[in-house]
Amino acid sequence: MLSSLGSAGGKSTKPSFVSYVTPEEIKSEKEHSRKEKHPDLLPGEVVFCSASTVLKYTQDDLSQRGVFGALLCTNFRVSFVSDEAPAEEMGQLFKNKLYGENDIPLSCVDNIYGGYEDKKKLLTGGLMKNKYPSKIIIHCKDLRVFQFSLTFSKEEDAKKIFQGIIHHCLEPKSLRCLFAFSYCENTSYPEMQRKKQTVMFDSVEDWTQDMKRTKGNCRLVSENRSFELSPKLPQFFIVPANVSDEDLTKYQGKGLPMWCWSHHSGCALFKTASLPLLPEDNVPQTHMEKMLTAVAHNHLYSVKTEDLSETLPTVQDIQLSYNKFKQFFLIDNTTEFWMSDMKWFSSLDNCGWLDIIRQCLQKAVEVVECLEKENTNVLIMEEGGSDLCCVVSSLVQLMLDPYYRTLLGFQSLVQKEWVVGGHAFLDRSNHLHLKDKVESQSPVFLLFLECVWQLQQQHGPAFQFSETYLTVLSDSVHVPVFTTFLFNNDSHRDSILKAESPHTQRGPLNCPTVWDWSVQFDCKAQDLFTNPLYAEKPKQDKSVRKSHRPKHLRQLSLPSSAFKTPPKKGFFKDEADSLKKILRVKRISRWMLSPSDSPQTSSSAREFYEAWQAKPLDYHGLLLPCLDGPSIRVWMQRYLRWIHDVQILGGGPVAVLSKVSEILGEVQELQRELDRHGCTLASNHKGARPRAKTAAEIASRSSVRLSSSFPFVTSRNWSFKPAIPTSLLQSLMVTGIAGNLADRADDGDDLQSMV
């Protein structure tokens with residue numbers, strides 16, 4: 001019977017199977033299916049080279065296990081397509097529309113190493129044209145690590161894919177070669193709606209509304225609409241009212257105090273690019289003195305300056321510190337991770353990255369004290385005015401203004417202080433791999449996000465956005481699609497985007513900004529950007545507000561500067577002349593003295609924090625960070641999400657949020673039952689329904705086991721094994737180290753200070 005069904009039967013038996021497909025058609029069909037094995041290409045994406053039978057190693061251990069598939073290099077990414085059928089347990093919960101878990105955007109590649117036998121060598125562009133290693137190790141800027149073996153691929157394909165990856169990831173290129181331009185030329189995006197959207201600060205109305213919201217009293221400048229004043233200045237910006245038109249045209253905008261934010265008492269925060277003050281040249285010094293006078297006239301004729309270039313680390317120091325810090329999270333295999341475990345926390349501390357975060361927060365607290373306690377205008381400055389000035393000014397506004405702690409408010413803050421404020425994202429990220437920009441590369445924006453994360457962890461209910469939102473935002477810097485992070489300033493962005501496309505006749509390119517999250521995630525994934533524990537500000541009844549409006553606790557503070565609030569409206573008119581005479585004598589010594597120059601600064605800031613801490617906590621008022629050693633922690637989700645062995649299965653912050661969301665969902669269900677019975681509750685409780693419902697749905701998913709790295713990694717494919725690999729554990733037992741692990745000093749205290 002069996003012989004009659006196959007072609008291997010006896011001679012007397014004829015085959016019963018007749019093929020109606022020729023061998024040529026079968027061969028072409030196989031080749032066609034092999035050609036189709038590639039990721040879904042984006043508009044404008046082109047495959048440069050590919051290689052099949054590439055082995056992608058797992059991170060589990062040193063056993064060199066992995067998955068076979070095809071490795072491709074396009075003008076957007078390096079992509080690995082597995083030969084195995086994709087698992088569907090995840091249910092598309094948190095999938096990025098632009099790239100998958102096995103895709104590496106070209107701008108996200110940090111370093112590439114070649115594996116030669118047992119050695120690992122750092123590769124650079126322009127080397128090894130005729131040779132290729134047996135293994136490629138790619139370290140990503142989002143801290144993922146990929147290892148690919150080319151041993152089983154055809155020699156010609158292996159050489160092409162290796163040279164293609166090196167060329168497109170490491171070789172210098174022009175800005176037009178970035179994928180964003182090819183993508184935008186083949187995609188159309190509608191303009192962002194103004195209503196209930198991020199404020200872009202690209203119009204007079206946006207700046208006017210922001211100054212009106214903070215009750216500022218400064219001058220809006222629109223003369224730089226076509227960048228006639230200076231290409232380094234924004235199209236629209238705000239300066240003190242006493243700055244003249246002549247002052248705007250001097251020194252290409254350097255020394256010009258740019259308005260950031262106004263305090264409710266009337267004082268304001270300004271920032272500027274400092275002028276080099278040479279002893280033999282009095283002209284810049286005279287101009288700077290004039291600008292300080294203009295700032296002082298803003299409120300009570302008082303101002304304090306802070307030169308951040310002298311009190312905070314340089315951008316080069318920030319880069320060096322972060323380079324050391326990130327190495328502890330770029331793990332080739334888990335055995336290597338556990339080998340560094342015993343000195344891991346102390347090594348992290350020695351990098352200085354956490355200390356730089358503490359210094360930036362400390363400096364922001366000092367500025368907040370000047371504004372909040374002393375009611376004094378503050379002018380912060382540095383050489384370029386667009387790095388540490390952006391960090392400190394943004395942190396000050398986060399601590400003082402609850403609007404910037406909402407999702408749209410935070411995005412508007414980044415847009416105002418960083419994008420429009422002229423932070424050189426292109427140079428600091430070095431997307432183009434230019435050799436003359438290597439020294440300019442520095443993760444200054446990541447440093448700011450780190451500081452925001454510290455504030456968020458200490459005062460969670462005060463922030464509407466979640467930790468996941470900050471992590472995704474840090475990843476998006478290295479996705480070459482959004483105009484937000486591709487340029488150095490407004491003039492640079494305007495000159496490139498308004499140039500006519502070379503391939504089409506459509507005119508100016510319309511590229512998406514990073515704030516259009518629908519480009520990357522669907523609505524369910526975007527729900528994870530919202531903090532379910534956010535304490536919304538309760539809406540007050542108008543009748544109550546009219547009858548009694550108590551003054552906020554923060555408004556009860558009085559100026560501690562030499563000049564108090566005038567007792568009558570005619571104070572300035574009557575006493576202006578005598579006041580100016582007094583200030584002329586002490587002008588330079590007083591104005592050029594920064595808060596950090598005083599020996600009482602640290603004690604004063606400590607007293608300011610303790611006085612604030614003694615008051616009832618108001619999540620919609622002033623927020624100050626605790627800067628003690630254990631309070632500055634490692635951003636666990638961002639740095640440890642790809643290291644499987646350190647994940648907490650069924651635990652971590654996501655477990656807490658999921659449980660709270662379940663309880664909140666039950667409370668809201670009870671509210672709906674009461675509403676159906678004619679009972680009414682406060683309307684502000686209703687506003688939280690969508691967030692809690694979404695979080696509860698996520699928590700109820702049984703197909704995905706939550707871990708501390710959720711939603712970036714799920715536990716569906718994890719192998720459950722001892723925390724320490726068996727081979728390493730045996731070697732520790734033999735050497736007697738395992739018995740002494742509990743006696744090591746690097747334990748609980750270090751753990752609290754780091755995690």
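**Entry 1: Getting oriented**

I began with the vocabulary: helices (H or I, at least four residues) and strands (E, at least two) are DSSP runs, numbered from the N terminus. My first use of it was N488, which I found in the loop between α16 (467-476) and α17 (490-497).

I noted that this is a predicted model, in which local features need pLDDT of at least 70 and side-chain atom pairs count only at pLDDT 80 or more, while totals for chains, interfaces and linings use all residues. Residues are numbered from 1 along each chain as its sequence is written, and side-chain values use heavy atoms, with hydrogens and water left out.

Then I looked up the whole protein, which has 27 helices and 14 strands. Of its 755 residues, 49% count as buried (buried means under 20% relative accessible area, exposed over 50%, partly exposed in between, with a 1.4 Å probe and protein chains only). I also looked at contacts (heavy atoms within 4.5 Å): among those between residues at least 6 apart in sequence, 73% join residues at least 24 apart.

**Entry 2: Back to N488**

Is N488 buried or exposed? I read a relative accessibility of 15%, so N488 counts as buried. Leaving out residues up to four places away in sequence, I found that N488 touches G422, H423, A424, F425, L426 and D427. With D427 I could be more exact: its backbone nitrogen lies 3.1 Å from a polar atom of the N488 side chain. That made me look up the polar contact, a pair of N or O atoms within 3.5 Å; within protein, one must be able to donate a hydrogen and the other to accept it, and residues adjacent in sequence count only if both atoms are side-chain atoms.

**Entry 3: Helix against helix**

Two packed helices are described by the angle between their axes and the distance between the axes. Axes are lines fitted to C-alpha atoms, for helices over the stretch in contact, and angles run from 0 to 180 degrees between N-to-C directions.

I started with helix α12 (residues 388-400) and helix α13 (residues 407-419), which pack at about 150° with their axes 10 Å apart. α12 and α13 are therefore roughly antiparallel to each other (under 35 degrees is roughly parallel, over 145 roughly antiparallel, 65 to 115 roughly perpendicular, and the rest oblique). The crossing of α12 past α13 is right-handed (the near helix is turned clockwise from the far one by less than a right angle; anticlockwise would be left-handed).

Which residues meet there? From α12 I listed C390, V391, S393, S394, Q397 and L398, and from α13 F410, L413, K416, E417 and W418. By class, the contact of α12 with α13 has six nonpolar, three polar and two charged residues (Ala, Val, Leu, Ile, Met, Phe, Trp, Tyr, Cys and Pro count as nonpolar, Asp, Glu, Lys and Arg as charged, and the others, Gly among them, as polar).

Next I followed α13 to helix α15 (residues 444-458), where the packing angle is about 145° and the axes are 13 Å apart. F410, V414 and W418 of α13 make the contact with V444, F445, F448, L449 and V452 of α15. I sorted these residues into eight nonpolar, no polar and no charged. α13 passes α15 in a right-handed crossing.

α15 also packs with helix α11 (residues 353-372), at about 75° and with axes 10 Å apart. α11 and α15 are therefore roughly perpendicular to each other. Here W353, I356, I357, C360 and L361 of α11 meet L447, E450, C451, Q454 and L455 of α15. Their classes are eight nonpolar, one polar and one charged.

**Entry 4: Loops with something to spot**

What is phi at F201? I found a value near 55°, which is positive in a residue other than glycine. F201 is in the loop between α3 (179-185) and α4 (204-213), and at 3% relative accessibility it counts as buried.

Y251 has a positive phi near 55° as well. Its place is in the loop between α5 (245-248) and β11 (258-262), and with a relative accessible area of 30% Y251 is partly exposed.

I then checked F710 and P711, which are joined by a cis peptide bond with omega of about 5°. P711 is in the loop between α25 (689-699) and α26 (726-735).

**Entry 5: Pairs across the sequence**

G385 is in the loop between β14 (377-382) and α12, and counts as buried at 10%. G385 and P257 are 128 residues apart in sequence, with C-alpha atoms 10.0 Å apart in space.

E439 is in the loop between α14 (425-429) and α15, and counts as exposed at 64%. From E439 to V315 I noted 124 residues in sequence and 8.9 Å from C-alpha to C-alpha.
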